[in-house]
Amino acid sequence: MNGMDKDMPMPMPGDKPMTMMLMTFFWGKNVEILFSGWPGYGHLGMYLLALFFVFALAVIVEFLSGIRPWKQGSNRAVAGLAQTGVHALRVALAYLVMLAVMSFNVGVLIVAIAGHTLGFLVFGSQVFRRSGGQAELNERPGSALPPMKC
């Protein structure tokens, strides 16, 4: 025993074993994500559920990045509060995804990236937009695109 071991308390019968957080990426289903004991050890189904949860959170973050819950001409105070509420929710969920990735599990990292990618493809890119074309995009109020010159 070295000098540091004498300060460590001895485990009592029935105590949960202490788990250490790994500081390197690893593969495997034995991981804790966001909450102590979740998804648990040796439960493939719970691990897959946790991966789906992280994936869904990442997609929701991208959805919230693209929505605008106010209309032109609406009350500025109400629109500002709605915009602030959506922003706060988006940031909170983005931090949850970040904390999940900090479990250093490669599966969690992959589903977080996949969720953000799919969410951006569906909600942030031009692929699934209903708008008619480039001219219509330039006519929208608040469009980030410069006006077209003919």
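Start your tour by selecting P39, which sits in strand β2 (residues 39-40). Strands here are DSSP runs of E with at least two residues, helices are runs of H or I with at least four, and both are numbered from the N terminus. Now add W38 to the selection: a cis peptide bond joins W38 and P39, with omega at about 5 degrees.

Before moving on, a word on what is on your screen. This is a predicted model, in which local features need pLDDT of at least 70 and side-chain atom pairs count only at pLDDT 80 or more, while totals for chains, interfaces and linings use all residues. Residues are numbered from 1 along each chain as its sequence is written, and side-chain values use heavy atoms, with hydrogens and water left out.

**The whole chain**

Zoom out and colour by secondary structure. You should find four helices and two strands, arranged along the sequence as β-β-α-α-α-α. Of the 150 residues, 23% count as buried. Buried means under 20% relative accessible area, exposed means over 50%, and partly exposed is in between (1.4 Å probe, protein chains only).

**Helices α1 and α2**

Select residues 44-66 for α1 and residues 76-101 for α2: their axes come within 9 Å and cross at roughly 150 degrees. That makes α1 roughly antiparallel to α2. The axes are lines fitted to C-alpha atoms, for helices over the stretch in contact, and angles run from 0 to 180 degrees between N-to-C directions. Angles over 145 degrees count as roughly antiparallel, under 35 as roughly parallel, 65 to 115 as roughly perpendicular and the rest as oblique.

Show side chains where the two helices meet. Among them are V54, L57 and V61 in α1, and L89, L93 and V97 in α2. The contact of α1 with α2 has 13 nonpolar, one polar and one charged residues. For these classes, Ala, Val, Leu, Ile, Met, Phe, Trp, Tyr, Cys and Pro are nonpolar, Asp, Glu, Lys and Arg are charged, and the others, Gly among them, are polar.

**Helix α3**

Next, keep α1 and add α3. These two pack at an angle of about 35 degrees, with their axes 7 Å apart. Residues making the contact include Y47, L51 and V54 of α1, and V108, V111 and A112 of α3.

**One residue up close: V54**

Is V54 buried or exposed? At 1% relative accessibility, V54 counts as buried. Leaving aside neighbours within four places in sequence, V54 is in contact with I33, V97, A100, V108, V111 and A112. Contact means heavy atoms within 4.5 Å.

Now measure from V54 to L34: they are 20 residues apart in sequence and 9.8 Å apart in space, C-alpha to C-alpha. L34 lies in the loop between β1 and β2 and has a positive phi of about 70 degrees although it is not a glycine.

**Aromatic rings**

Finish with F25 and F104. Their ring centres are 5.4 Å apart and their planes are at 70 degrees, so the pair is edge-to-face. Rings of Phe, Tyr and Trp (its six-membered ring) pair if their centres lie within 6.5 Å; planes under 30 degrees apart count as stacked, over 60 as edge-to-face and the rest as tilted. F25 is partly exposed at 44% relative accessibility, whereas F104 is buried at 18%. F104 also has a positive phi, of about 65 degrees, although it is not a glycine.
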